[in-house]
Amino acid sequence: MWQGGSNVVTIPDAPWGQEYIRLSSLEIEKTKCGWENHTPKKDKSIDGNNITIGGKVYESGVGTHGPSQIIIKLNGSVTDFYTVLGVDDEVKEAGNFDYHVYVKAEGGATEDVAKGTINRFSNQSVDIHADNLSGWKYLYLETSNGTDGTNTCDHVDWANAYLVFQDQNSTRPCIVSAEELTTKLACATTVFSQPNVRFMQKVRSTVTGAQLSVSNLPAGLTWNADRNIVEGVVAEEGVYTYQINVTVDGETTSEDVTLTVSSSLQHPVPFMGWLSWNSVQGNISQKIIEQAVELFQNKGLYECGWNHIMMDDLWQGTRKADGTPQPNASRFPNGLKTVADYVHKNGMKFGLYTDAADRTCAGAFGSYGYEGIDAKTYAEWGVDVVKCDYCYAPDDVETAKKRYKALADAFAAAGNNTMLYICEWGVREPWKWGAEVGGRCWRISQDVRDCWTGSGSGVGVVQSIEAMKNLSAYQGVNRFNDSDMLCTGLHATGKSSNDLCGGTGAGMTDDEYATQFALWCMWSSPMALSFDPSKNTLTDADFKLLRNKELIALNQDRMGQQGDLISETDNLVVFAKDCENGDVALSVTNMSSSEKQATFDFSAIPALDPTKTYTVRDVMENTEAGEATGTFTTDVRKHATRVFRLAEKKVVDGVASTFSEKDFTFVSGKNCVKINMPETAGLAKRILVSDFEGRVVSGLTTTADKAKVALAKGTYLVTVVCNAQARTVKVQI
Ligand code: GLA
């Protein structure tokens, strides 16, 4: 309760176009306060009184205790900082501390803003103004013992402290803890894998030039020092801990990684499906859900993997008196269990939306304070995925973590294995904490719009690339960076998705839609389509994309890797993605407005060996594209993307094989191996099966396109020879 009178010193109103962000509105809980069992106070002194210095009461500020430290990450759009720093009147007998306000650049260089000593009985306060902050990364506010050599009575007030924020569409400043700044890792440390599926973790440091290594890897994993990756296959389920060691200037620090290997992960590959927002918004209903299910089933999409049907905002009605959530009664006359059952009956998963505050972005009820009853009710309905938004919730990251964790814990307790999909738009860098609080994927940007270049905070394809391009080390199985809904099939028929497109509102060209889709596949981003299933807006070009199984296979690759940015020169953006079977997918996107030629330089792509020969598959067109050693050149139209999958050309017994996995597939059955050879009907093939001592245990010759060889339990090498070429695989029966 405010106790001040009319002689209170206030913070001035910000002029138009600026915002004055009060220090007390940031996460001051994360700052260092020297008085044991006390935490800094918002708009109060450390003892909880009005902030008062020399008889003057200040309306705002942070009350803390020396020795103290507040670190503000400025994020580019803060120009000035103002405060009156003083020792609070509540200490009568003493109070003496040194202060140091300074700025720090990305590389560590610092510059002083203000420095001196505060004394309760002489200079009780000082006005501090830091200007020209926009080029600096951090602002530090520190106090230490002072000339009396003790921190007794050092009741520090950062009175009326505020930051001048210039661009309200840019990233807001935030407080970071000293621990956050000391991590030298810029990669995930909570990672997941399925047993017997190839695993990869990219190890990256915040320090350029740091030397990286690992210790205590579980059996099956190895350290690839050339690429700074952990890779391999772990056979046994379990939770493993290993260390990443970072050496900078001869000094090594270690941080733990937790690897969970489980065959029942919630989100082993990114979800693919439909989310109602962009086109349907407040018209979401049982009928629309049924139409979506039918469209996905009848148009050959379900069989390509599109199997999640999810409602976004505005499905809600009102809560019952006991708090139980209820859907809008007229649009869901039979309740949501009926709807979920229908989705499940069709072999699909069902999702809905909520918010980590009392209201959702569109004003329906949110889940804050109702986590338990919501989780229980969702479980009764059979909800598989919950997208949880962050409108009307506090800015700070610690609260966000707490609120999302409360929901994830409630879902786990409700026992329906409901998966948490975090949507706070990438503002608080959820890739650094989302997995730790129980989320399985998280939006990394503001809302995607149906355009190539968004305007203002609008995210077109151009902005999606910007937002996603440096996040690959934070992604893996069961922890996916989400680039938001796809615009495929919208053709400007969406609602909010047409805003912030610079006034064009015309949707995108086929090449632009294909680029968006191809990049989501290269990144293994979750994929949610968002067209209106009651309208017939999907074109042949859209269906061709949505049914492109080779492209989808990249998105669904079980190693879950996000393609790495390789280069972005000359308006060509190149990504490279490691695939589970060792193949490497390359994409090039032409950002310019005319056709270009692009050359992939294998020596600049860590996943490739420039001395080796690769067979190249055009994944967009589903055609063979020859072989490549060292480089590969392609044309790429304006705003289009070409995607190629490269398989190392294997030499088997001295015979070069041009056969790829697609030519011959090997399936181990009960006491047999089945070989499909779709392209070689009519050609003579010799099939040889040998054991690991090299003894041939079976063989046959056939001209058919299918063969079956009976085998006892064991491990074999199966070779198909055709036209003097061969392909060999290891098969386990
Ligand atoms: C936010 C989200 C969108 C959508 C809307 C619904 O803007 O980012 O994806 O869920 O809310 O109101």
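Which pattern do the disulfides of the chain follow, with bonded cysteines counted along the chain? The model examined here is a predicted one, and a search of the whole structure finds two disulfides. Their pattern is 1-2, 3-4. A disulfide is a covalent bond between the sulfur atoms of two cysteines.

One of these links joins C361 to C391, with 2.1 Å between the sulfur atoms. The torsion about its S-S bond is 95 degrees, and the link is right-handed. This pair connects distant parts of the chain: C361 belongs to the loop between β24 and α5, C391 to the loop between β25 and α6, and 30 residues separate them. C361 counts as partly exposed because its relative accessibility is 29%.

The other link is formed by C451 and C501, whose sulfur atoms are 2.3 Å apart. Here the torsion about the S-S bond is about -85 degrees, so this disulfide is left-handed. C451 is found in the loop between β27 (439–443) and α7 (461–468), while C501 is found in the loop between β28 (480–482) and α8 (510–522); the disulfide therefore ties together parts that are 50 residues apart in sequence. C451 is buried, since its relative accessibility is 3%, and C501 is buried with a relative accessible area of 5%.

Other cysteines can be set beside these pairs. C33 takes part in no disulfide, and the nearest cysteine sulfur, which belongs to C153, is 14 Å away. With a relative accessible area of 16%, C33 is buried. For C579, the closest cysteine sulfur is that of C521, at 11 Å, which is too far for a bond. C579 counts as buried as well, at 1% relative accessibility.

The helix α5, which follows the loop that holds C361, offers a view of the surrounding part of the model. Within α5, the residues E371, D374, A375, T377, Y378, A379 and W381 are buried. The elements that cover them include α4, β24, β25 (385–389) and α6 (397–414). After α5 comes G382, which has a positive phi, near 95 degrees.

Two of the buried residues of α5, Y378 and W381, also belong to a cluster of aromatic rings. Ring pairs link W315, F365, Y378, W381 and F411 into this cluster. The structure as a whole holds 18 aromatic pairs. In one of them, the rings of F271 and Y421 have centres 5.5 Å apart and planes at 55 degrees, and the pair is therefore tilted. F271 lies in the loop between β21 (251–261) and β22 (272–275), and Y421 lies in strand β26 (residues 419–422); the two are 150 residues apart, and their pairing links distant parts of the chain. Both F271 and Y421 are buried.

Within the cluster, W315 and F365 make a different arrangement: their ring centres are 6.1 Å apart and their planes stand at 80 degrees, so the pair is edge-to-face. This contact, too, links distant parts of the chain, with W315 in the loop between β23 (308–310) and α4 (335–345) and F365 in the loop between β24 (349–355) and α5 (371–381), 50 residues apart. W315 is buried because its relative accessibility is 0%, and F365 is buried at a relative accessible area of 13%.

Aromatic rings also meet charged groups in this model. The charged end of R359 sits over the ring of Y392, at 3.7 Å from the ring centre. Likewise, the charged end of R403 sits over the ring of Y368, at 3.5 Å from its centre.

The description ends with a sheet. Which strands form it, and in what order? It is an open sheet of four strands, ordered β43-β42-β45-β46, with antiparallel pairing. At its edges are β43 (696–702) and β46 (725–732), each of which pairs on one side only. Neighbouring strands are turned against each other by 15 degrees on average, direction ignored. Strand β45 (residues 715–722) runs antiparallel to β46, and eight bridges join the two. In this pairing, V718 stands opposite V729 of β46.

Methods:
Residues are numbered from 1 along each chain as its sequence is written. This is a predicted model: local features need pLDDT of at least 70, side-chain atom pairs count only at pLDDT 80 or more; totals for chains, interfaces and linings use all residues. Side-chain values use heavy atoms; hydrogens and water are left out. Two strands pair if DSSP finds at least two bridges between them. Axes are lines fitted to C-alpha atoms, for helices over the stretch in contact, and angles run from 0 to 180 degrees between N-to-C directions. Rings of Phe, Tyr and Trp (its six-membered ring) pair if their centres lie within 6.5 Å; planes under 30 degrees apart count as stacked, over 60 as edge-to-face and the rest as tilted. Buried means under 20% relative accessible area, exposed over 50%, partly exposed in between (1.4 Å probe, protein chains only). A charge sits over a ring if NZ of Lys or CZ of Arg is within 6 Å of the ring centre and within 35 degrees of the ring normal. Contact means heavy atoms within 4.5 Å. A disulfide is a pair of cysteine sulfur atoms within 2.5 Å.
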